[in-house]
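Please open the model in your viewer and keep the sequence panel beside it. The tour below moves from one selection to the next and says what is found at each stop.

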Amino acid sequence: MTEIVEILLSASFWAAVVRIASPLIFATLGELICERAGVLNLGIEGIMVAGAFAGWMAVYSGTGLWTGVAVAMGAGMLFGLLHATLTVPFGLSQHVVGLGITLLATSATYYAYRLALPEVTSPPRIEPFQPWEVPLLSDIPLIGPALFAQTPLTYLAFVLTAVVALVLTRTPLGLALRAAGENPAAVEAQGLSVTGLRMGAVMVGSGLMAVGGAFLTMSAFSSFFFEMVNGRGWICIALVVFGAWKPGKAVLGALLFAAFDALQVRLQQTPLGADIPYQLFLMTPYVLSILALVLMSRRAAVPAALMVPYNRGTR
Amino acid sequence: MRLEPVAAPGLARTLGLPALALAGTFVVGALLVLAAGADPFATFGLIVQGAAGSKFAALETLNRATPLIFTGLAIAVAFRAKLWNIGAEAQLYAGALATVVLGTSALGLPPALMWPAMAGAAVIAGGLVLLGPVLLKVRLGVDEVVTTLLFNFIMLLFVSMLLEGPLKDPMGMGWPKSEALPRDYRLPRLVEGLRLHWGFALALIAAVVVWLIETRTTLGYEIRAVGQNARAARFAGIPVNRVLVKTALLSGGLAALAGFSEVSGLKGNLTQDLSPGFGYTGIIVAMLALLHPLGVVVSALFVAGIFVGADSMSRAAGVPSYIADILLATALLAMVLAILLTRFRVVRG
Amino acid sequence: MSGPDGAARDVVLRLDGITKRFGKLTANDRIDLALHRGEVMALLGENGAGKTTLMNILFGHYTADEGTVEVEGRPLPPGAPGAALKAGVGMVHQHFTLADNMTVLENILLGTEPLWTPRLGRRAARARVEALSRDFGLAVHPDARVATLSVGERQRVEILKALYRDARILILDEPTAVLTPQETAALFQTLRKMVARGLSVIFISHKLNEVMAISSRVAVLRHGRLVGEVATADTDRHRLAELMVGSEIVTPAPGTATPGAALLTLAAVRTAPRGDRPGLQGIDLSLRAGQITGLAGVSGNGQGALADLLSGLTAPTGGQMTLGIAAVTDWTPRAALAAGIGRIPEDRHDTGSIADFTLTENAVLEGYGSRPFSRRGVMDWTAARRHAADLIATYDVRCPGPDARIRLLSGGNMQKLILGRVLETGPMVILANQPVRGLDIGAVTYVQERLIAARDRGAAVLLISEDLDEVLTMADVIHVISEGRLSPPFPRGSKTPAELGAWMAGQGFDHAA
C-alpha cells in the first residue's frame, strides 16, 4: 500500500496520467462525434495508426510540427470519407466497413512506411512537441506539472473537449447532429440532410482520431513503431460508452483510465510488482475497458439511431 | 441519391458486380505496385507463381489456407447469426493452449485417442472463450464487437505469461515457447512425402459439416432466423439467447480448431507468434465467401494464395508484402459494396 | 374575392400533371390538384391509392417523372427536400418524425436556424412556442422530453413544428387514426382556427365521417388517379365511399356470437413498465370461446404490453393468468404456441415475418421444431414446402411461389400468409393485433371474414385496434385500455363512440382502480 501512496503523491505520476490520456481524449472525442450522429466507427484503430504515421512522416520530411498535425488530420479525414461513403449513403454494415477500414488503414500505413524507409532497421526520430510550461502555474505542487507543463497538443485536447461539448449542446449544428443520431427521419422532415450531417461527423471524427494517433509519434514518443497504437482505438470505443456519449464524462473516463495505466507501469517497478508477471499489468487496460462496458451496460443512453442506416423515402 | 430494391436482379448484375469489385481491387493493387516503382503485371505474375507456381508453393498455400478455413468458418457461422465475433484470434490461441497442455501432459494415451481428445479440448476451450462476451451480450447488452476485440489482447498476454511461466520449455534456451508435442501426437501427413497434414482434411470436413448444419438442421434454421431478424425469431418462439450461445460455442470451437491444427499439424509447439492474425483474416475470408461455408474453402485458398504469393514476390521484386493485406482489405470493402448493389440500384431523387 | 377568378388568384398550392412510376406500377397518374387559401381540403383514398407518394413528391423525397408543383405561384424545384418547407408547407406525418430523447423545444428548433449560427436562441424560441400553443390551442410543455408525451401531445408538437416555421399550408396524413374522438374534436378546433387565419390545410384520410365533418372540398384518389373532386356540401358518405373504392363498400357482417367458456383469463395481472410507458396495472380480462373481444384505446396505452403478454414475450409480474383451467407459470412464446394461442403481430414486416426468408421458411417459423417439418433436429424441407404451397392456395396468397422471398409480397399477401400460418394450427385463442392496418379494402375484408369464421368455429378472438370504427364493427364485446388500465367489458352497442372516447381519455377508471 505504501508504494501506491508514494506513487500517487509523485508529480511525475500525475503528469504521466495527463500525457497518457491525451491521445485517448482526441480519439474518444472523434468516436463520440461519429456515434452521436449515428455512426459507429470501428475504423478508429487503423485511422490512429495512419495518423501516427502521416504526422510523423510529414515532420520527418521537413514540415513543421503543426503542419504534421494537419497532415495527420487530413489522412484521417480521407479514411473517414471512405468509411462515411460506404456506411451513410450506401448504408453498409458499420461493423464490416469499420473493421475493413482498420485493416486497410493499418496495412496501407505499413506499406507506405516500407516504401518510404526501405533500408532502415530502426525508425528515425523527429524533434517532437516540447512542453509549454505556464509560468507560475506549473510550479504548483502535483497539479502544476500535470496540467501546466504539457505539450501544446495536450492543451488542445482539453480545449477541444470543451468545444465539442459546447457545439453539441448549444448550437444548431450540434442539435442537428444529435438528432441525426436519435431519429434521422426527424432531421429529414425539417429539411436538413442526414447524409451530409453524418458524413461530416464521420470525417471530422476520423480526423480527430488521426490526431490522437499523431500524438503518439509527435508528442509522447518521437518515432513510429508498428503496433504502437496497440488497441487504444478499441479502448476509446469503450470510453465513449463509459462516458455515456457525453464529452466531459468520456474525458474523465480517459483520465481515470490513464491513471490506472500509469499506476500499473509504476507498480511493475516496485518490489511488489516484481513478483507478479508483467503481463497481468499489461492486461489491465483491456480488462478495465471490458469492466467499464459491463458497468455502464444498463445505464448508458445510447443514441437511438446508432448503427441504423437511413435510406430516404423508405420509412 | 437513394437506394431502390431490384426485384429480380439479372445474372449480369449478380455476377458482374462482384467481378467488377475484384477487378477494382487489382487496379488499386496495380497503382500501389507502381508507387513502389515496380511493374504491376510482373508483380502480379510473381504473386501467382509464388502461390501456385510449383508443388512447394501450392502446398505452402494449402497449409496457409488450413487455419484460415477454420477461422473463416468460425466467423461465417457467427456473422450468420449477426453475432459479431471479432475474437477468433483469442479463440485460436485458446485452442492451441488446450492442445499443448493436453498433448504434453504425459497421459500415455494412444494417438488415435489423443487426437480427438486434443481437438475436443480445443473446441471446448475456444467455445468457452467466446461464451464470456456472448453472455455479457445476452444478459447485459454489452456490445460483443468491443469485448471480443479486447479479449484478443488479453489472451495474447495470457499466452505470453504462460509461455514465460508454467508452460515454458525448460530446453527452450530462454525463448518463450512451450514444450513440443510428442512425435506420435502430431497429426500425420495427408500423403506421405508431401508437406500437408491432416488438419487440411479436417478443415474440409468442418466446412461440409457447417454447411449441413446451416441448411439441413433446425439449429441452422434458427441461426439464420436470429441473424436475419431477431425480433421475429423471438416472437415465433425461437429461443434467441440460447441460439446465440450455441452459435458462440460452435464459432469459438471452429476458431479453436485452427489453433489445434497449427500446433499438432504444423508447428508442434506453441509460441507467441503462432498466428499472424489468422483470426482477423478470417473476417475477410468469411465476407468474401458471402458467409457460405463451402465458399469459405475457396476464399481461404484465394486469401492464402495472396499471402503466400506476396511473401515470395516481396523477396524477389522488392514490393513490400503488406500489399497482400491492402489487396484483401480493399477486396472486402469493394465486395460488400458490390453485393449491396446487386440487390439495390442507386437512383437520384 | 369570390367567384372563379378570385378563387384562381387564391390558389396557394397547385399540383399539375404529377406522374410517378415505380417499375410497372404507376403510383400517381397525371394528378392535378389546387388548394385554396383558408380551406380544408380532404384527400381521400384507401391504402395504396397513391396519397403518400404524392406527398413524398411534394416534399422532394421523390422526384416526379412528370408534372410540376407550385406554391403561391412559384414552382418548387423537384427532388429538393426542404424546398417545400422553405416555401411554407408543413407536414404532419402519420408516423411522427420526432426524436424521442430530445425535448419538445429542441425538436421544434431543429433545422430552423442556419447550422453555423454560434448559439441556439432558446429563450426567444420558447416564448414563441408558448405563444403559438396559446393561439392555436396546442397545449404542450416545451421542456418535456418527447418520450414522455402521449400520442395526442406528440401530434401537437408536430403541428407546432410547422407553425413555428411559419407554414401557410399544413398537410396532415391520417391525423385522427391515433386519437380519441375527443382529441379529434380538439384537433378540428385547431384546424378551424388555422383556416380562419388564412392558413390552408390538406387533410389526408380514409375516414368518411371525419372528412365530412372538417373539409370544405374533397379530392378522391384511386389506384393512383384523381377520380373525383367535389365540394363537401354537395356529397355524402355513400357517394364518397363509392368514389374511393369504385364500388359499394362491403363491411363484413359479424352476425351474432354465441359465447362459450372463458378460454383465457387474466385476474389483476401486472407487467413491468416498458421504457417511459407504464405496463399493465392489474387488469381483469376474460376471453370467451366464440366471441370477438375488441380492445379500443389510443396507441401506447398498454396495448403493446397486453399483446406481448399474450404472445409470451413477457411474463406477468403480478396477478393470475389462467388458460382454460390451468394457471400459467413458465411463460414464453413457445409456451403460448403450445397452449394453442395463435398470434397475429402488429408489425407484419418486422415481427410477423423475416423479409429475406422465403415463403416456405416463413410458413414454418412457428412450427419448424416439430413434425412434420423436422425430426430430431433435421429439417424436412419437402414437407415445409408442401405446407407453404397449401397455405398459398388456401389463403389466396398472390406470390411467385413458395421459394420467393416474402419481402417481394404486398402487405395484404404477407398478412394472408401470416394469417394462414396462425389459423392452420387451429388455435383456440387468437390474438389479432392491428390485423388490417395499412391493407387495401379487399385484404381488409378477407382478414376480417377469416377472423369471424374462426370465432364461429369456437375460437376466442382478441382484436386490438387503434381504429375505433373497426372495433365497433367487429367486436362482440369491447374493453377500453388507458394507461395500462382496462375498462369493464361493454357488450356490442351498449356504448356510443363518444362514451368510449371518454374512457379512452382515461375517464371512468377511478372507481375501477
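Begin by selecting chain A of this predicted model, where, among the contacts with a separation of 6 or more, 79% join residues that are 24 or more positions apart. Colour chain A by secondary structure, and the count comes to 14 helices and 2 strands. The radius of gyration of chain A is 20 Å, close to the 20 Å that the globule rule gives for 315 residues, so chain A is as compact as a globular protein of that length. If you align the view with the principal axes, the C-alpha atoms of chain A fill a box of roughly 65 × 50 × 40 Å. Shading by burial then marks 57% of the 315 residues of chain A as buried.

Next, add chain B and select the residues at its contact with chain A, where 39 residues of chain B meet 40 residues of chain A. On the chain B side, at least two residues each are supplied by strand 1 (2-5), helix 1 (11-35), helix 5 (111-140), helix 6 (144-164), helix 11 (278-288) and helix 13 (323-343) of chain B. Helix 6 of chain B deserves a selection of its own, since the largest share of this side, 11 residues, comes from it. Colouring the side of chain B that touches chain A by residue class gives 32 nonpolar, 5 polar and 2 charged residues.

Now turn to chain C and its contact with chain B, to which chain C brings 27 residues and chain B brings 17 residues. Two elements of chain C, helix 11 (333-338) and strand 18 (378-379), each supply at least two residues of the side that touches chain B. The largest share of that side, 3 residues, comes from helix 11 of chain C. By class, the side of chain C that touches chain B holds 14 nonpolar, 9 polar and 4 charged residues.

For the last stop, stay in chain C and select C:Pro427, which lies in the loop between helix 14 (411-423) and strand 19 (429-433) of chain C. Is C:Pro427 buried or exposed? It counts as buried, because C:Pro427 has 21 C-beta neighbours inside 10 Å, and the cut-off for a buried residue is 20 or more. Leaving aside residues up to four places away in sequence, C:Pro427 touches C:Gly340, C:Ile341, C:Gly342, C:Val422 and C:Ala459. Draw a distance from C:Pro427 to C:Gly340, and the C-alpha atoms prove to be 4.8 Å apart, although the two residues are 87 residues apart in sequence.

Notes: Residues numbered from 1 in each chain as written. Chains lettered and ligands numbered in written order. Predicted model: local features only at pLDDT ≥ 70, side-chain atom pairs only at ≥ 80, totals over all residues. Contact = placed C-beta atoms within 7 Å. Helix = DSSP H or I, 4+ residues; strand = E, 2+ residues; numbered from the N terminus. Nonpolar A, V, L, I, M, F, W, Y, C, P; charged D, E, K, R; others polar. Rg over C-alpha atoms; globule rule 2.2 N^0.38 Å. Buried ≥ 20, exposed ≤ 12 C-beta atoms within 10 Å, placed from the backbone.
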